Amino acid sequence: MSGTFARHGGGIRMQLRPPEVELLGRLAGELRTALDAPEPSDPVHSRLFPPAVLGDPDVDREVRDLLADALLADRLAGLTAVLELLRRGRRSRGRLVVDLTEDEPLQVLGVLNDIRLAIGARIDIEAIDREQVGEQDPVAYPIAVMDHLGWW
């Protein structure tokens, strides 16, 4: 477990440095915008909401019609919860400290995963040979952010 998340009493304590707070808040806000008003060319929506049924588009459409609103509402609720956690945290030794309770650790992990998937979809991570990415490559920073979120 990273130093960002650690067991504390009966729960999990999240500690973020100021740049991490800013980054997480910005990325969560950007993902919220992408989900609230999806653009047809943005691969984020299709990555976060992949086909429910493969091989039968009609059945897939039916399942999506049944579940799409609930899945979107869950993702948006998770983003709202994480942004609220960042607001409720307290400052200690130059870090934002938040004691996560009940289902909050799972919400945070879900949001971190969604953000990583969104970044990966936008840069088409599956088509990138990481061995060929140099420091000046435009995808170097998004890959580093994905890796940092994964490290958490």
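Two strands are said to pair if DSSP finds at least two bridges between them. In this predicted model, strand S2 (residues 11-16) and strand S4 (residues 95-100) are joined by five bridges and run antiparallel. Within this pairing, arginine 13 of the one strand has aspartate 99 in S4 as its bridge partner.

The pair belongs to an open sheet of four strands, which are arranged in the order S1-S2-S4-S3 with antiparallel pairing. Strand S1 (5-8) and strand S3 (90-92) form the edges, each pairing on one side only. From one strand to the next, the twist averages 35°.

Helices pack against this sheet. Helix H3, comprising residues 57-88, touches S2, S3 and S4, and its direction makes about 120° with that of S4. Helix H4 (residues 104-123) lies across S1, S2 and S4 and runs at about 125° to S4.

The protein chain as a whole contains five helices and four strands, which follow the pattern β-β-α-α-α-β-β-α-α along the sequence. The C-alpha trace spans about 55 × 40 × 25 Å along its principal axes. Of the contacts with a separation of 6 or more, 62% are between residues 24 or more positions apart.

Of the 152 residues in the chain, 37% are buried. The chain exposes about 9,500 Å², of which carbon and sulfur atoms supply 53%. The chain carries 18 positive and 26 negative charges, and the mean positions of these two groups are 10 Å apart.

Definitions and conventions: Residues numbered from 1 in each chain as written. Predicted model: local features only at pLDDT ≥ 70, side-chain atom pairs only at ≥ 80, totals over all residues. Heavy atoms only, no water. Helix = DSSP H or I, 4+ residues; strand = E, 2+ residues; numbered from the N terminus. Axes fitted to C-alpha atoms, helices over the stretch in contact; angles between N-to-C directions. Contact = heavy atoms within 4.5 Å. Buried < 20%, exposed > 50% of the residue type's maximum accessible area, 1.4 Å probe, protein only. Areas by Shrake-Rupley, 256 points an atom, 1.4 Å probe, with all protein chains shown as cover. Lys, Arg positive; Asp, Glu negative; His and termini not counted. Charge placed at Lys NZ, Arg CZ, Asp CG, Glu CD.
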